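New to this one? Take a moment to look at the structure below, then read on for a short tour.

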Amino acid sequence: MGSGAAIPQWTSEPCIMGIDEAGRGPVLGPMVYGCLYCARSYENTLSSLNFADSKTLKEEKREELFENLKADESIGWAVDIIDPRELSAKMLKKNKINLNEISHDSAIGLITKVLNMGVLLTEVYVDTVGDAEKYRTKLSERFPAVKFVVAKKADSLYPVVSGASIVAKVTRDRALQDWVLEETAEDLHKNFGSGYPGDPNTKAWLQHHKHLVFGFPTLVRFSWGTCTPYFKDIAEVLWESNETDADGSSSANGKRQLKLSNFGVTKSKRKIEEIESSGKGRCKFFMARKLEQVTQF
């Protein structure tokens with residue numbers, strides 16, 4: 001039973017849920033959170049379905065198990081696909097949201113979604129992100145009527161989490177397989193390997209697809225430190241902002257110059273942008289052509 005199916009009668013019984021993710025570490029593609037839920041009375045049957053940590057299974061076996069659980073009317077599942085652009089934007093915004101918090105929010109969103117469907121969740125098993133006890137406390141405070149078990153390697157300990165692991169992994173694999181590159185540059189291809197920073201194919205793909213002005217294709221999580229070395233010779237980019245200074249004042253023409261030293265691919269310890277006085281340091285291309293920012297059309 002997928003997330004869009006009609007809710008079956010068994011959901012009015014006490015139910016358990018497992019939550020896991022796929023794609024936390026790669027520099028390419030989305031991060032996917034998946035959940036699997038079923039009636040408490042179905043737990044023993046669930047244990048016999050040969051679910052296991054998706055990382056220990058070959059792709060063909062994961063696909064087979066995913067199709068099996070989709071066809072099982074006693075099982076429900078849902079996913080949250082977090083776009084690489086969303087990951088980078090949140091991690092690089094002024095009030096940064098780190099990856100653990102993004103992960104927590106995704107898990108909370110899945111729980112909320114299933115509860116709002118009318119499923120009687122009584123127990124939820126989660127593969128931990130960060131400190132397990134702090135995470136459990138956070139979830140328990142948010143959902144006091146639900147018992148939470150948060151543990152390391154939960155995907156290898158609890159079949160309901162193993163099933164969620166398969167849901168997340170297969171969904172991410174399919175998302176990458178079907179990914180359509182939005183960019184129009186020549187020689188773009190999808191031979192990017194696993195997407196993990198240490199993969200030689202991934203490294204070669206990043207090197208081939210970098211652009212000294214426009215950065216990487218949107219498939220790339222440009223907030224990852226992995227991207228930084230590829231932009232040693234990056235073109236410096238400046239643009240105007242209508243924001244006022246921290247003290248509430250603004251520059252002479254009501255604008256400020258914002259400077260990105262490394263396209264936002266630096267780690268948080270490095271200063272990503274610096275405010276310059278108005279009119280200084282503007283790109284020569286715009287100055288020579290007397291181009292100005294347009295706010296009204």
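What follows is a walk through the chain, some of its helices and a handful of single residues.

**The whole chain**

Keep in mind as you look around that this is a predicted model. The protein chain's secondary structure comes to 9 helices and 8 strands. It has 297 residues, and 44% of them count as buried. How do the contacts spread along the sequence? Taking contacts between residues at least 6 apart in sequence, 65% join residues at least 24 apart.

**Helix α4**

Let's start with α4, which runs over residues 99-116 and has 18 residues. From first C-alpha to last, α4 reaches 26 Å, close to the 26 Å expected at 1.5 Å a residue. Which residue caps the N-terminal end of α4? That is Asn98, with a side-chain oxygen that lies 3.1 Å from the backbone nitrogen of Asn100. Past the other end, just after α4, you'll find Gly118 with a positive phi of about 100°.

Plenty of α4 is tucked away: the buried residues are Leu99, Ile102, Ser103, His104, Ser106, Ala107, Ile108, Leu110, Ile111 and Val114. Some of these names come back when you look at how α4 meets helix α5, residues 132-142. On the α4 side of that meeting are Ser103, His104, Ala107, Ile108 and Ile111. Across from them, α5 supplies Tyr135, Lys138, Leu139 and Arg142. The two axes come within 12 Å and cross at roughly 35°, and the crossing is right-handed.

**Helices α2 and α7**

Now for another pair of helices. Helix α2 covers residues 59-71 and helix α7 covers residues 159-177. They pack at an angle of about 115°, with their axes 9 Å apart. So α2 is roughly perpendicular to α7. As for handedness, this crossing is left-handed.

Who makes the contact? From α2 come Arg62, Glu63, Leu65, Phe66, Glu67, Leu69 and Lys70. From α7 come Gly163, Ile166, Val167, Lys169, Val170, Thr171, Asp173 and Arg174.

**Two more residues of α7**

Ser162 and Leu176 are worth a stop too. Ser162 is found in helix α7 and is buried, with a relative accessible area of 4%. Where does the side chain of Ser162 reach? Go to the backbone oxygen of Asp155, at 2.4 Å. Ser162 also has a partner from another part of the sequence: Leu36 is 126 residues apart from Ser162 along the chain, yet their C-alpha atoms are separated by 8.8 Å.

Leu176 has its place in α7 as well. Is Leu176 buried or exposed? With a relative accessible area of 11%, Leu176 is buried, since the cut-off for that is under 20%. Leaving aside neighbours within four places in sequence, Leu176 is in contact with Gly29, Pro30, Lys190, Phe192 and Leu219. Take Leu219 from that set: Leu176 and Leu219 are 43 residues apart along the chain, and their C-alpha atoms are separated by 8.9 Å.

**Thr11, in the segment before β1**

Thr11 lies in the segment before β1, the strand at 15-22. It's another buried residue, with a relative accessible area of 3%. The side chain of Thr11 reaches the backbone oxygen of Pro8 at 2.6 Å. Not counting residues up to four places away in sequence, Thr11 touches Gly118, Val119 and Leu120. You've met one of those already: Gly118 sits just after α4.

**Two loop residues with positive phi**

Gly118 is a glycine, but a positive phi turns up in non-glycine residues here too, including Asn50 and Lys153. Here they are side by side.

| Residue | Phi | Place | Relative accessible area |
|---|---|---|---|
| Asn50 | about 65° | loop between α1 (43-47) and α2 | 56% |
| Lys153 | about 55° | loop between β5 (147-151) and α6 (154-157) | 58% |

Are these two buried or exposed? Asn50 is exposed, because its relative accessible area of 56% is over the 50% cut-off. Lys153 is exposed as well, at 58%.

Notes. Residues numbered from 1 in each chain as written. Predicted model: local features only at pLDDT ≥ 70, side-chain atom pairs only at ≥ 80, totals over all residues. Heavy atoms only, no water. Helix = DSSP H or I, 4+ residues; strand = E, 2+ residues; numbered from the N terminus. Expected span 1.5 Å × (residues − 1). Buried < 20%, exposed > 50% of the residue type's maximum accessible area, 1.4 Å probe, protein only. Polar contact = N/O pair within 3.5 Å; in protein donor to acceptor, adjacent residues only side chain to side chain. Axes fitted to C-alpha atoms, helices over the stretch in contact; angles between N-to-C directions. Parallel < 35°, antiparallel > 145°, perpendicular 65-115°, else oblique. Left-handed = near helix turned anticlockwise from the far one by under 90°. Contact = heavy atoms within 4.5 Å.
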